[in-house]
Amino acid sequence: KEFLKQAREKCKPSVEKFVECSRKHNLLVIFKCREENREMNDCVGQYTSEQQWNEFREEKVRNFEAEGKIKKTELKYKPL
């Protein structure tokens with residue numbers, strides 16, 4: 001959730017452009033807003049690759065460890 005929110009924030013102009021187009025065209029959004037949708041997806045895709053997800057996850061784990069919220073032995077998933 002937070003990962004995608006950060007990506008959308010980085011792509012705010014293209015997201016807003018798509019939202020505006022979709023509000024304007026309602027049910028025709030699929031046909032009328034293709035370019036805006038493609039632009040938004042390309043932008044968000046830059047920030048949501050598998051590598052970036054793994055980096056985000058590892059950073060969160062390090063933060064939790066530093067704050068004492070978890071210990072390495074408590075991890076269900078091993079960091080990559």
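A salt bridge is a side-chain nitrogen of Lys or Arg within 4 Å of a carboxyl oxygen of Asp or Glu. The legends below describe a predicted model, and this pairing appears in several of the views.

**Figure 1. A salt bridge joins Glu 39 and Lys 17.** The side chains of these two residues meet with an N to O distance of 3.3 Å. The pair links distant parts of the chain, with Glu 39 in helix 4 (residues 34-46) and Lys 17 in helix 2, 22 residues apart. Glu 39 has a relative accessibility of 32% and therefore counts as partly exposed. Lys 17 is likewise partly exposed, at a relative accessible area of 43%. Side chains of opposite charge can pair when their charged atoms come close.

**Figure 2. The fold of the protein chain is built from five helices and zero strands.** Read along the sequence, the pattern is α-α-α-α-α. Of the 80 residues of the protein chain, 20% count as buried. Among the contacts with a separation of 6 or more, 46% come from residues 24 or more positions apart. The accessible surface of the chain amounts to about 6,900 Å², and carbon and sulfur atoms contribute 51% of this area.

**Figure 3. Confidence is shown along the predicted chain.** The average pLDDT of the protein chain is 88, and 86% of the residues score at least 70. Among the elements, helix 2 (residues 12-25) has the highest mean pLDDT, at 97. Helix 5 (residues 50-66) has the lowest mean among the elements, at 88. Where pLDDT is low, the predicted coordinates should not be read in detail.

**Figure 4. A salt bridge joins Glu 2 and Lys 60.** This view presents one of the three salt bridges that the structure holds. The side chains of Glu 2 and Lys 60 meet at 3.0 Å, N to O. Because Glu 2 lies in helix 1 and Lys 60 in helix 5, the pair ties together parts that are 58 residues apart in sequence. Glu 2 is partly exposed, with a relative accessibility of 39%. Lys 60 is also partly exposed, its relative accessibility being 26%.

**Figure 5. A salt bridge within helix 4 joins Glu 35 and Arg 38.** The closest N and O atoms of the two residues are 3.1 Å apart. Glu 35 and Arg 38 are three residues apart in helix 4, so about one helical turn separates them. Glu 35 has a relative accessible area of 48% and is partly exposed. Arg 38, with a relative accessible area of 46%, is partly exposed as well.

**Figure 6. Aromatic rings of Phe 3, Trp 53 and Phe 56 form a cluster.** The whole structure contains three aromatic pairs. In one of them, the ring centres of Phe 3 and Phe 56 lie 5.2 Å apart and the ring planes stand at 50°, so this pair is tilted. The pair links distant parts of the chain, since Phe 3 belongs to helix 1 (residues 2-10) and Phe 56 to helix 5, 53 residues apart. Phe 3 has a relative accessible area of 10% and is therefore buried. Phe 56 is buried too, with a relative accessible area of 14%. Ring pairs also bring Trp 53 into the cluster with these two residues.

**Figure 7. A nonpolar patch on the surface is formed by Leu 28, Ile 30 and Phe 31.** Together, the three residues of the patch offer about 330 Å² of accessible area. Ile 30 is found in helix 3 (residues 29-32). With a relative accessible area of 57%, Ile 30 is exposed.

**Figure 8. Asn 26 occupies the loop between helix 2 and helix 3.** The phi angle of Asn 26 is near 45°, a positive value in a residue other than glycine. Asn 26 is exposed, with a relative accessible area of 55%.

Definitions and conventions. Residues numbered from 1 in each chain as written. Heavy atoms only, no water. pLDDT = per-residue confidence, 0-100. Helix = DSSP H or I, 4+ residues; strand = E, 2+ residues; numbered from the N terminus. Phe/Tyr/Trp six-rings, centres within 6.5 Å; stacked < 30°, edge-to-face > 60°. Buried < 20%, exposed > 50% of the residue type's maximum accessible area, 1.4 Å probe, protein only. Patch = residues over 30% accessible without salt bridge, like charges linked within 9 Å, V, L, I, M, F, W, Y side chains within 5 Å. Areas by Shrake-Rupley, 256 points an atom, 1.4 Å probe, with all protein chains shown as cover. Contact = heavy atoms within 4.5 Å.
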